[in-house]
Amino acid sequence: MNASSVVAAAAPPERGLERGLERGTAAYRRANLALFLAGCSTFSLLYCVQPLLPEFARDFRLSPASASLALSLSTAALALAIFAAGALSQQISRRRLMFASMALAAACNLLAAVAPSWPLLLLARLAEGALLGGVPAVAMAYLAEEMDARHLSGAMGLYVAGTAFGGMMGRVGMGLLVEIGDWRTAMAIIGGTGLAAAFGFAALLPPSRRFAPRRGFVLRQHLHAWAAHLRHPGLLRLFAIGFVLTSVFVALFNYVGFRLAGAPYRLGPAQISLIFLAYVFGMFASPLAGRLADRFGGRWPLAAGLALMAVGALVTLAQSLTAIIAGISLITFGYFVGHSVASAWVGRLARSDKGHASSLYLLFYYFGSSITGALGGWAWQHGGWGGEVALTASLAAAGIVLALQVDRGERRA
C-alpha cells in the first residue's frame, strides 16, 4: 500500500463533512470544559510526585536521581503508551478511550499511595504513566478534527491551560496536603480527585461528529502514517521542539526543590510547592498564545516562548529567592506559550492521520521529560544548579533555531 492509498483510507466518512464546533455554541463550551478536565486530571496525576522527590529521597534513603524515577518512569511509559494510543484511537471511541485512561490511572495513583516499598511504588507509577497515554494524543486529535479550523489554536490553548491548572494543583495541592498529613494521604486525595474528573469528563464531552472508528487493525497502515509524518520536515522540527520544551521545563522543576530545600533557603515541602503557583502564568499564556497563532501564525510566538525559557533559566542563577521565583515564572510562561502553539501547529501540518501525528509529537515530548529529567540529576550532582542551567539553556537555544525553521518551505500556519 502506498502513501496515497493510506491517506485515502484515513479519509473520514461523509459525516466528516459536517462543520466543526464553533466558538459560542453549547457543544464548543462542553468540549472545552471536558478537555480542560482531562488535561487537569492527567497533569495533576502525572506530576503530583514532583514536590515529593526530596521526601522520597529521605524516606526511602535514595539519591536525588533515584528519587526522580517516580516521575521519569511515568513519563517514559506515557511516551510509549501515547504512541500506541494514537493508533488504537483510530479503532475505538475516543471518548471511551480517554475516560478509561483517566479512571484507571487515578486508581493506580491510589495504589501508589499505599505501596509498602519503593519498587512497588515505582511499579504503580509506571502503570499510571502507561494508562495516561490514552489521554493527551487522543485529546489533541479530537480537537484537531472536531473544532472549526478558525478556532483550533484557541481551543488547544484552553486544553493546555487545563494541563497548566492540573500541574499546578497536583504540585501545590500535594505540598499543602503533605503539610497537613503525610505524602501517602496526599497522593490518595489526588487519586480520588482524578476519578471524579474522569466521570465529569465522560458526562460533558460531545460525541465525535467528524470521525468514525475504522474496522480492523492494519499495522501496515499505521506504519505508513507514522513514516509519512516523520518524513515531513516541518512536523519533524515540531517533534524536536516538543522534546526541548519538556526537557527544559521538567529538568528545572525536578531539581529546584532540592536547591530550595538546602542552604541557605531551607524551605519545607509546602513552601517549595508554592513555587508551582507560577503555573497561573501558564493558564493565561496558553489561550493568549493560541489566539496570537490563529492571527499571526506560529513561528514567532513559538520562538518567543523558547526564548523566555532560556532567559528564565539564566535568571535563576541568582541567589535571591525573589529572582529564582521570577526566573521560574518566565520559564513557565514561555513553556505554555510554546507547547500550546506547537500542539496546534502539529494538527495543522498533519493533513491526515492527525492522531498519529499527535502521538509522535507527544512521544518526543514525554521522552524529553524522562530522558532529560534523569540527565538533569547527573547535571545537578556534578555541576550543581549552574550545570542544570547550562544544560537547559542550551536546549532552549537549540529550540529557538528549530522554531524559526518550522515553516521553511511551508505556507504560514
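The exchange below goes through several labels applied to a predicted model and the values that stand behind them.

Reader: How many helices and strands does the secondary structure come to, and what share of the protein counts as buried?

Author: The secondary structure comes to 17 helices and zero strands. Of the 413 residues, 58% count as buried. The accessible surface comes to about 15,500 Å², and 68% of that area belongs to carbon and sulfur atoms. Among contacts between residues at least 6 apart in sequence, 86% join residues at least 24 apart.

Reader: Why is I190 called buried?

Author: The label rests on a relative accessible area of 9% for I190, and since buried means under 20%, I190 is therefore buried. I190 is found in helix α10, and, with its neighbours within four places in sequence left aside, its contacts are S44, L45, C48, N109, M169, G170 and M174. The C-alpha atom of I190 is also separated by 10.0 Å from that of R171, a residue 19 places away along the chain.

Reader: Which residues line the second largest pocket, and which elements give two or more residues to that lining?

Author: The lining consists of L37, C40, S41, S44, M169, G170, G173, L177, I190, T193, G194 and A197. Two or more of these residues come from each of α2 (26-47), α9 (152-180) and α10 (183-204). The space in this second largest pocket is about 200 Å³.

Reader: What makes the lining of the second largest pocket divide into nonpolar, polar and charged residues as it does?

Author: The division is six nonpolar, six polar and no charged. The cut is made by residue type, with Leu, Ile, Met, Ala and Cys among those that count as nonpolar, and Gly among those that count as polar; G170, G173 and G194 in the lining therefore count as polar.

Reader: How do you know that R125 is buried or exposed, given that Arg counts as charged?

Author: The class is decided by accessibility, and at 1% relative accessibility R125 falls under the 20% limit and so counts as buried. R125 is found in helix α7 (residues 118-132). Beyond its neighbours within four places in sequence, R125 is in contact with L45, L46, C48, V49, A70, L71, S74, N109, A112 and M187.

Reader: Why are R61 and R266 called buried or exposed?

Author: Exposed means over 50%, and R61, with a relative accessible area of 78%, is therefore exposed. R266, at 61% relative accessibility, likewise counts as exposed. R61 is found in the loop between α3 (53-59) and α4 (64-67), whereas R266 lies in the loop between α12 and α13. Phi of R61 is near 55°, a positive value in a residue other than glycine, and R266 has a positive phi of about 55° although R266 is not a glycine.

Reader: Which peptide bond is cis in the loop that holds P264?

Author: The bond from A263 to P264 is cis, with omega near 5°. P264 has its place in the loop between α12 and α13 (269-273).

Reader: What makes the approach of S247 to G368 a polar contact?

Author: The side chain of S247 reaches the backbone oxygen of G368 at 3.3 Å, and because a polar contact calls for N or O atoms within 3.5 Å, the distance meets the limit. S247 lies in helix α12 (residues 233-261), and at 0% relative accessibility S247 counts as buried. Apart from neighbours within four places in sequence, S247 is in contact with G368, S369, T372, T392 and L395.

Reader: How do you know that V256 and I275 are buried or exposed, and which residues are in contact with them?

Author: With buried set at under 20%, V256 at 2% relative accessibility counts as buried, and I275, with a relative accessible area of 8%, is buried as well. V256 lies in helix α12, whereas I275 lies in the loop between α13 and α14 (279-296). Not counting residues up to four places away in sequence, V256 touches I324, I328 and W385, while I275 is in contact with L260, I325 and I328. The C-alpha atoms of I275 and V256, 19 residues apart along the chain, are separated by 9.2 Å, and those of V256 and E388, 132 residues apart in sequence, are 9.4 Å apart in space.

Conventions: Residues numbered from 1 in each chain as written. Predicted model: local features only at pLDDT ≥ 70, side-chain atom pairs only at ≥ 80, totals over all residues. Heavy atoms only, no water. 1 Å grid on protein atoms, 1.4 Å probe; cavity = no way out; pocket = protein on both sides within 12 Å on 5 of 7 lines; lining within 4 Å. Points joined across faces, edges and corners; volume = space filled by probe spheres on them. Helix = DSSP H or I, 4+ residues; strand = E, 2+ residues; numbered from the N terminus. Buried < 20%, exposed > 50% of the residue type's maximum accessible area, 1.4 Å probe, protein only. Contact = heavy atoms within 4.5 Å. Areas by Shrake-Rupley, 256 points an atom, 1.4 Å probe, with all protein chains shown as cover. Polar contact = N/O pair within 3.5 Å; in protein donor to acceptor, adjacent residues only side chain to side chain.
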